[in-house]
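Colleague: Please take a close look at one part of this model for me, the metal site. Then walk me outward from there, in plain words.

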Amino acid sequence: MATSMTDQYIANNEKYASGETMHMPAYPGKQPIQPAKRIAVVACMDARLDVEDLLGLRTGDAHIIRNAGGVVTEDAIRCLIISHHLLNTNEIMLIHHTRCGMLAFTDDLLKAGLEGDPAAEKLLGQVTGRAFTSCKKSVATPAAFHAFRGLIEPLDAPRDAKNMERLAWDVRRGMSSILHHPWIPTSGSDAVAVRGFIYDVDIGKLEEVSYPGPMGSIG
Ligand SMILES: [Zn+2]
């Protein structure tokens with residue numbers, strides 16, 4: 001069944017959270033290019049998230065695609081298409097986490113700060129605790145930073161119902177992006193299974209996000 005490896009990694013995570021060493025960092029010798037467990041993980045770049053450890057992955061098991069937020073961007077989709085169609089993965093785990101920095105700003109705020117708006121520079125300085133220095137406006141900028149929907153909160157704020165809801169919104173938006181992509185089959189004989197999670201960086205545990213469900217509101 002397509003979901004079996006994800007279930008195995010959820011079980012591994014239980015052991016990791018209770019203090020077991022799960023990842024074996026030794027060089028395993030020659031291996032094939034295709035991930036042995038046929039799994040691709042999309043996760044945030046946060047330094048507290050060690051994907052190999054928290055899932056108990058071994059070298060050669062999985063593709064790991066990381067960016068700020070674990071957002072399903074155009075480039076993450078590019079990687080997932082290659083991962084599935086050329087390298088035979090058939091399960092995707094999407095992992096967001098508590099205390100994520102993407103909860104603490106908006107795209108407009110960061111852009112305004114970079115462009116030199118004094119109010120934005122001041123606010124970003126307060127949020128991050130470092131002197132925010134403008135670089136002035138440029139045309140060569142990311143199209144989006146993909147900050148999460150909802151009211152911003154202080155950087156590294158502890159878990160609460162509101163920020164868990166905001167994280168779940170974005171996990172579902174990412175799952176939706178994958179599930180509705182025409183080049184990633186999620187039904188039929190070549191189907192890829194997609195499941196989403198929030199990792200609690202304070203206790204080391206994964207929690208699954210239900211899908212479908214709310215994906216946020218600007219209201
Ligand atoms: Zn993060």
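Modeller: Start with the spacing in sequence. The donor residues of the zinc ion follow the pattern C-x52-H-x2-C. Cys44 belongs to strand β1, residues 39-44. Cys100 sits in the loop between β3 and α4. These two cysteines are 56 residues apart in sequence, so the pair ties together distant parts of the chain. Keep in mind that this is a predicted model.

Now the atoms. Cys44 offers its SG, His97 its NE2 and Cys100 its SG. These protein donors lie 2.0 to 2.3 Å from the zinc ion. Cys44 and Cys100 are both buried.

Next, the sheet. Strands of a sheet pair through backbone hydrogen bonds, either parallel or antiparallel. Here five strands form an open sheet with mixed pairing. Their order is β2-β1-β3-β4-β5. Read that order again and find β1, the strand of Cys44. In the sheet, β1 stands between β2 and β3. The edges belong to β2 (62-67) and β5 (205-209). Each edge strand has a single partner, so one of its sides has no neighbour in the sheet. On average, neighbouring strands are turned by 25° against each other, direction ignored.

Look at β3 more closely. It pairs with β4 (residues 193-200) in the parallel sense, over seven bridges. Ile95 stands opposite Phe197 in β4.

Now the empty space. Rolling a probe the size of a water molecule over the atoms shows where empty space is left. The largest pocket holds about 430 Å³ of space. Its lining has 22 residues, and those closest to the centre are Gly101, Phe105, Leu110, Thr128 and Leu155. Two elements, α4 (107-115) and α5 (118-128), each give two or more residues to this lining. The largest share, three residues, comes from α5. By type, the lining has 15 nonpolar, five polar and two charged residues.

The second largest pocket has a volume of about 200 Å³. Among its lining residues are Leu94, His96, His146, Arg149, Asp170 and Arg173. Here β3 (91-97) and α6 (161-179) each supply at least two residues. The largest share, four residues, comes from α6. This lining divides into four nonpolar, five polar and three charged residues.

So what should you carry away? Strand β3 pairs with β4, and β3 also helps line the second largest pocket. Strand β1 carries the donor residue Cys44. Trace those two strands on the structure, then look for the zinc ion with its donors Cys44, His97 and Cys100.

Conventions:
Residues numbered from 1 in each chain as written. Predicted model: local features only at pLDDT ≥ 70, side-chain atom pairs only at ≥ 80, totals over all residues. Heavy atoms only, no water. 1 Å grid on protein atoms, 1.4 Å probe; cavity = no way out; pocket = protein on both sides within 12 Å on 5 of 7 lines; lining within 4 Å. Points joined across faces, edges and corners; volume = space filled by probe spheres on them. Nonpolar A, V, L, I, M, F, W, Y, C, P; charged D, E, K, R; others polar. Donors = N, O, S within 2.8 Å, 3.2 Å for Na, K, Ca; no water. Buried < 20%, exposed > 50% of the residue type's maximum accessible area, 1.4 Å probe, protein only. Pairing = 2+ DSSP bridges. Axes fitted to C-alpha atoms, helices over the stretch in contact; angles between N-to-C directions.
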